[in-house]
Amino acid sequence: MKTAMLPVPGADLYYEVRGTGPVLIIGQSGEGDAGRSAAMVDRLVEHYTVVTYDRRGLSRTKVADPSAFVPPETHAEDVHHLLAALTDEPALMLGCSLGALYGLHLAAAHPGRLSVLIAHDPAVPGLLPPADRARIERTLTDVETAARAGDWRAAVAKVTAATGLDPANMRTESGVTTVPMTADRAANMTYYLTNDVAGLRRDTLGPAEILTATATTRIIPAAGADSTRAWNHQCATQLAAVLNAPLSEFPGGHNGNTAFPRAFAARTHELLTS
């Protein structure tokens, strides 16, 4: 595994590269950093050069001004700079939740940077009907307020409910263990629940930008089989309608990439080669 830092405007991005083959970058969900989906990556490196990274504000990535607001467009630019440093060819991307939002921004802003984007349970409020968007904006406001008050655990509970996850009934593949809540992960969680949730709440990406992106990027709308109660699943359904494309189902729920790493990797490879 190669690890390195990449200078980008306002930050130094930490990233990891493993495997051989076409470049596949993973856009993680939530507070996920470069190591978030290691068990899934272990299966994908058989077919791809897999790139993972610590998003701006998380783990080993260094930010010039930690208090500065980071909108989704900036996260997308970070991915653009990272891919430009690694390959001259259009890359593949698996984006989960927030990662899917940043991938869609990237595809719209930089035609030809991505050849294929799998958008799994995408967090794209701009795709929702007005009443549903207003509802999720209220939820995200509550999440951010709780996190800024220092109660990130209450904020996590609100996010978990919105994404259709039930901590008491988490289905997983055999051998999957729960990631412990370390001090570093708690710091990542706090940043995500304040800064990134604030950016998500204000985001305006909609059908027009997404349709523009399809000129050079094949966008695959996807959702977890168990995430039907999640607002992200509704976004995936709306994305499929915008693209006039089928909704591809993945194993597990909103966290399928960590709960079902083997099956999730297999489904990713199947879609990328279909």
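**Exercise 1. Ser-97 and Asp-121**

Task: In this predicted model, decide whether Ser-97 is buried or exposed, and then work through the backbone angle and the place of Ser-97.

Solution: Begin with the accessible area: Ser-97 has a relative accessible area of 8%, and since buried means under 20%, Ser-97 is buried. Next look at the backbone, where Ser-97 has a positive phi of about 60°, although this residue is not a glycine. Finally, find the place of Ser-97 in the chain, which is the loop between β6 (91-96) and α3 (98-109).

Task: Carry out the steps again for Asp-121, asking where Asp-121 is placed and what its phi is.

Solution: Asp-121 is placed in the loop between β7 and α4, and its phi is near 40°, a positive value in a residue other than glycine. With a relative accessibility of 0%, Asp-121 counts as buried.

**Exercise 2. The surroundings of Gly-27**

Task: Find which strand holds Gly-27, and which residues Gly-27 touches when those up to four places away in sequence are not counted.

Solution: The first step is to locate Gly-27, which is found in strand β3 (residues 23-27). The second step is to list its contacts, which, with residues up to four places away in sequence left out, are Met-93, Leu-94, Gly-95, Cys-96 and Gly-99. The third step is to take one of these partners and set sequence beside space: Gly-27 and Gly-95 are 68 residues apart in sequence, while their C-alpha atoms are 4.4 Å apart. To complete the description, Gly-27 is buried, with a relative accessible area of 2%.

**Exercise 3. Two cysteines**

Task: Explain why Cys-235 forms no bond with the closest cysteine sulfur.

Solution: Start from the count for the whole model, in which the structure holds zero disulfides. Cys-96 is in no disulfide, and the nearest cysteine sulfur to it, that of Cys-235, is 14 Å away. A disulfide needs two cysteine sulfur atoms within 2.5 Å; because the sulfur of Cys-235 is 14 Å from that of Cys-96, the pair is too far apart for a bond. As for accessibility, Cys-96 is buried at 1% relative accessible area, and Cys-235 counts as buried at 0%.

**Exercise 4. Helices α8 and α2**

Task: Compare the span of helix α8 (residues 231-243) with the value expected at 1.5 Å a residue, and then say which elements are among those that cover its buried residues.

Solution: The 13 residues of α8 should span 18 Å, and the end C-alpha atoms are 19 Å apart, which agrees. The buried residues of α8 are Trp-231, Asn-232, His-233, Cys-235, Ala-236, Leu-239, Ala-240 and Leu-243. Among the elements that cover them are β7 (114-120), α4 (130-148), α5 (152-162) and β8 (218-224). Just after α8 comes Asn-244, which takes a positive phi of about 55°.

Task: Treat helix α2 (residues 72-86) likewise, stating how far it reaches.

Solution: Helix α2 has 15 residues and reaches 22 Å from its first C-alpha to its last, close to the 21 Å expected at 1.5 Å a residue. The buried residues in α2 include Pro-72, His-75, Ala-76, Val-79 and Leu-83.

**Exercise 5. The second largest pocket**

Task: Describe the second largest pocket by its volume and by the residues that line it.

Solution: The volume of the second largest pocket is about 150 Å³. Its lining is made of 13 residues, and those nearest its centre are Leu-165, Asn-169, Met-170, Arg-171 and Asp-226. Sorted by class, the lining has four nonpolar, five polar and four charged residues.

Definitions and conventions. Residues are numbered from 1 along each chain as its sequence is written. This is a predicted model: local features need pLDDT of at least 70, side-chain atom pairs count only at pLDDT 80 or more; totals for chains, interfaces and linings use all residues. Side-chain values use heavy atoms; hydrogens and water are left out. On a 1 Å grid over the protein atoms alone, a cavity is a set of points where a 1.4 Å probe fits but cannot get out, and a pocket is an open set with protein on both sides within 12 Å along at least five of seven lines; lining residues have an atom within 4 Å of a point. Grid points are joined across faces, edges and corners, and a volume is the space filled by probe spheres set on the points. Ala, Val, Leu, Ile, Met, Phe, Trp, Tyr, Cys and Pro count as nonpolar, Asp, Glu, Lys and Arg as charged, and the others, Gly among them, as polar. Buried means under 20% relative accessible area, exposed over 50%, partly exposed in between (1.4 Å probe, protein chains only). Helices (H or I, at least four residues) and strands (E, at least two) are DSSP runs, numbered from the N terminus. The expected span of a helix is 1.5 Å times one less than its number of residues. Contact means heavy atoms within 4.5 Å.
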